[in-house]
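Biologist: I should like to learn how cavities and a ligand site are read from a model. Could you take me through one case?

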Amino acid sequence: MKQHLPVLNVEVPDKAEHVASTPNPASRELLQRLEALGVETLFDRFEQQKPQCTFGLTGRCCRMCQWGPCRIGPRAERGICGKDQNAMVIGNVMRALVAGLSAHGRHAHEAMFSVLAAADGKAHLAIKGEARVLELAGRFGVPAEGRPIADVAREVTRILLEDLGRLDASPLRTLEAFAPPERQETWRGLGILPRSASYEVMEALHMTTLGGCTDWTALAAQELRAALAYCYSTLFGSSFATEMLFGLPQQRITTVNYGILKADHVNVLMHGHSPVMVEVILEKLRSPEIQQLASAAGAAGIVVGGLCCSGEELLARHGVSTVTNIGGQELVLGTGAVDAVVVDMQCVIPGAKILADCFGTQIITTCKSNRIPGALHVPFDPEEPEQLQADAERVARAAVEAFARRDRSKIHIPQVTTAAQVGWSYENILDTLGGAERIVELLRSGTLKGIATIVGCNTPKVPYEHNHVTLARELIRSDVLLLTTGCCAHALLNDGLCGPDAAGQAGPGLGRLCRQLGIPPVLAVGGCVDNTRTLRLFAEVSRAAGVAVKDLPFMFIGPEPGNEKTVGQGLTFLVHGVSNLVGFPGPIPPAIPRPKPGEPGELERGSNDVIDFLAGTEGVLKLVGAKIYTEPEPRLGAQLVRMHLRRKRLALGWAGQHSMGQ
Ligand code: MSK
C-alpha cells in the first residue's frame, strides 16, 4: 500500500509503483520474476512494515536510554527524563551521523593499515600510487627526496592514522592541508574544528547519553564538528590510502548492468566498500591457475561484477563491470546466475543471504567485523596480513567451485547492458576539462550552469532509482555537469548517463562541451569515500575563481538517502558551503503553521528550531553559507537545484543572457 504521511506532506510508494517507475528494464524484469517465483525482497518487506511510525519518521522517538522509548507528540512535550523535541531530534540525527562516521572510520583504518603492511613489504602488497604518496608528503611537510617510496608512504600514513584517532586538541592535519583557508577561518570562528573521527564519535555519544547535553545548539555544533571529522578524518583518509596503495583511476570504456552476467561462465560479484582484499581476489581470479580451475569445472570463463562501492572501486581502477547497488543486491541474486558474492564491509543486507540460499549462491565474508550466519568466512586483517595472498586464493577457488553446485534451472539473466566511460580521478577530471581556470570560464560564460554532485543510497521511500535518474536527466538537460558516486552512480551508469553517447541528452552548452572533449555529462568518480574527489574539485575551482565555494554554483544532491553514512555525506558538503537537496526528509519534524495567539484565523509558522537551523535562513545558511532543501518529487527537486544555481550565478553576475533550460 502507498502510505500518505500528512505530517511530511509526502506519499511513499507501494511495490507496484517501484516496479512501474524504476528506470532500468532489467530491474523491472527481475522484480516481476521474483514476485512470480514468490521470493521476497526488501520491496515486499517494506510493505510489511507499513504504516511506518510517524514518531520515528520525524525524529521524535528517543531510544537512547532504558527508560524509553519515549515519543514526543500531542500527549507529551518531553521524554521521561525531561528532554525536549529539539534535543531529541538533533541527538537522533547526530547519532546517525556518527554511526556513518564509524563505518567510514573502520574502512579508513583497514586501508591505512594495508598501506603500512605494503610499506613493510608484507603480504606482497605494493605501493602503486606513488604520485599520491608524494603529493601527501608535500602537503604534510614530510621529506621525500632521495627516500624509498615505502618510507615516505609509511610516514604519511602515520599522519592519516593520527588524524583518525587523535584525542588531544592539536590540529587535524589533513584538514589543515586540504581545506580552503576561507573555510578554516569560518570553522575556527564557529568553534567547530574537530580533533579526529574517534574523538568526535566519543564526544557525540557522550553528549547524547542520559543526563548529558540537552542544549540543542551545542548538539548542533557537535553535529557540524563531527561532519568535519567525517570528511577530513575518514573520507580523505580512506580515499588517499586506497590511492596510495592501488594508484589513481584510469579512464576507459566498459560495459555495465545485469546483462554482463553469462550463464555458461562462473559469475562472481564483489560487494561492500573496502577495496583491499577484493583487489587481490581479482588478481587471483584472473590468474591462469584459477582460470584453469574454472575451465575444468566446465565454465567458459569467469565474469567478475561489482556491487555497491567495492564494485565502483574496481570499476574505477580496472574497468570491472558493475551490476547494481544496495537496492538491487537481491535482484541480481534472482538471476540465478551468480555463483558467489564476496562481501566485505557495509551495505550488505541480510536479505541478500536469504536470496542467495534460494538460488544456491555462495556468500563469502571477508571483513572480520561483518559475519553472516551460514556464509564462508575468510577474514582479512591488515594488521596480520601474512595470510592475504593465500586467503584471496582460497576465496577465488571457493567462488569457482560454487559453479558446479549452481541450479541451472533457475537462470534468468535480463539481456540489458550499457556502455560506460569510467575511471575519473580528481586529477584527470581537471586535466580533461582543461584545468580549474578553464572550468571557471565555462561556468562564468554559462556553458555550464553549475556543477553538482549527485550521490548516495537507495531508499524504498521513493520509487527505486527513479529519483536518481530523473534528477540527473533533468539537470544535464539544464547544462549542469554532474559527478556521481555510490549507489546513485550505479543507477546513472546503468541508465547510460555516464556513457560515451550520453552527450546527446545534455543541454546545448554541456552537450557541446562533452562532444568536444569526448566525455559524458555525468562522471562516475568512485565509491562513497571518493566524494573527496568532488570536494577537491570544488575547492580548486574556488581557488581559481577567487570566489568562496559557498558563493559558486555548486550543489550536493542525495535523491534517495538510506544509510546512516549519507547524513555525513550531505553535511560534509554543507559545512563547505554547498547546499543540499535531499529526496526524502530526514528524521526531522517539519515546521507546521499554527493559529496565531490573539489573532483568530491567522496562522504563524510553527516553531521547529532544528528544521529552521538546517533549512531556514537564520541557521547554517548564515553560519556556513549553505542550507538543506528537501523535495521527494524529482522534477520539483530539479527545479529547486536550477533555482539555487541561478541565484548563485545572479549574485556573481554570471547569469548573462542564458536562461536555465527547463
Ligand atoms: S554503498 S553507503 S548504500 S551509497 Fe556505498 Fe550505497 Fe549508500 Fe552504501
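**Cavities and the ligand site**

Modeller: In the second largest cavity, α14 supplies the largest share of the lining, three residues. Please keep in mind that this is a predicted model.

Biologist: Which residues line the second largest cavity, and what is its volume?

Modeller: Its lining consists of E312, L315, A316, V422, G423, A489, A524 and G526, and its volume is about 50 Å³. Sorted by class, that lining has five nonpolar, two polar and one charged residues. Domain 3 (253-410) and domain 4 (424-593 + 603-651) each contribute at least three residues to the lining of the second largest cavity.

Biologist: How many cavities of 30 Å³ or more does a search of the whole structure find, and how much space lies in the largest cavity?

Modeller: The search finds five cavities of 30 Å³ or more. The largest cavity holds about 130 Å³ of space. It is lined by 17 residues, of which G456, C457, G486, C528 and T566 are the closest to its centre. The elements giving two or more residues to this lining are α14, α21 and α24 (565-575), and α24 provides the largest share, three residues.

Biologist: How is the lining of the largest cavity divided by class?

Modeller: A class count treats glycine as polar. For the largest cavity, the lining has seven nonpolar, nine polar and one charged residues. At least three lining residues come from each of domain 3 (253-410) and domain 4 (424-593 + 603-651).

Biologist: Where does the ligand sit, and which residues are around it?

Modeller: The ligand sits in the largest cavity. Around the ligand are H273, C308, C309, I326, C347, G456, C457, G486, C487, C528, N563 and K565. Two or more residues of this shell are given by each of α14 (308-318) and α21 (486-495). By class, the shell comprises seven nonpolar, four polar and one charged residues.

Biologist: Why is the ligand said to lie between domain 3 and domain 4?

Modeller: The ligand lies between domain 3 (253-410) and domain 4 (424-593 + 603-651) because both give residues to the shell around it.

Biologist: As a last case, where is G82 placed, and is G82 buried or partly exposed?

Modeller: G82 is in the loop between β4 (70-71) and α5 (85-119). Since partly exposed covers the range between 20% and 50%, G82 counts as partly exposed because its relative accessibility is 28%. The C-alpha atoms of G82 and I72 are separated by 11 Å, and these residues are 10 residues apart along the chain.

Conventions: Residues are numbered from 1 along each chain as its sequence is written. This is a predicted model: local features need pLDDT of at least 70, side-chain atom pairs count only at pLDDT 80 or more; totals for chains, interfaces and linings use all residues. Side-chain values use heavy atoms; hydrogens and water are left out. A residue is near a molecule or strand if one of its heavy atoms lies within 4 Å of it. On a 1 Å grid over the protein atoms alone, a cavity is a set of points where a 1.4 Å probe fits but cannot get out, and a pocket is an open set with protein on both sides within 12 Å along at least five of seven lines; lining residues have an atom within 4 Å of a point. A molecule sits in a cavity or pocket if more than half of its atoms lie within 2 Å of its grid points. Helices (H or I, at least four residues) and strands (E, at least two) are DSSP runs, numbered from the N terminus. Domain bounds come from an automatic or database domain assignment. Buried means under 20% relative accessible area, exposed over 50%, partly exposed in between (1.4 Å probe, protein chains only). Grid points are joined across faces, edges and corners, and a volume is the space filled by probe spheres set on the points.
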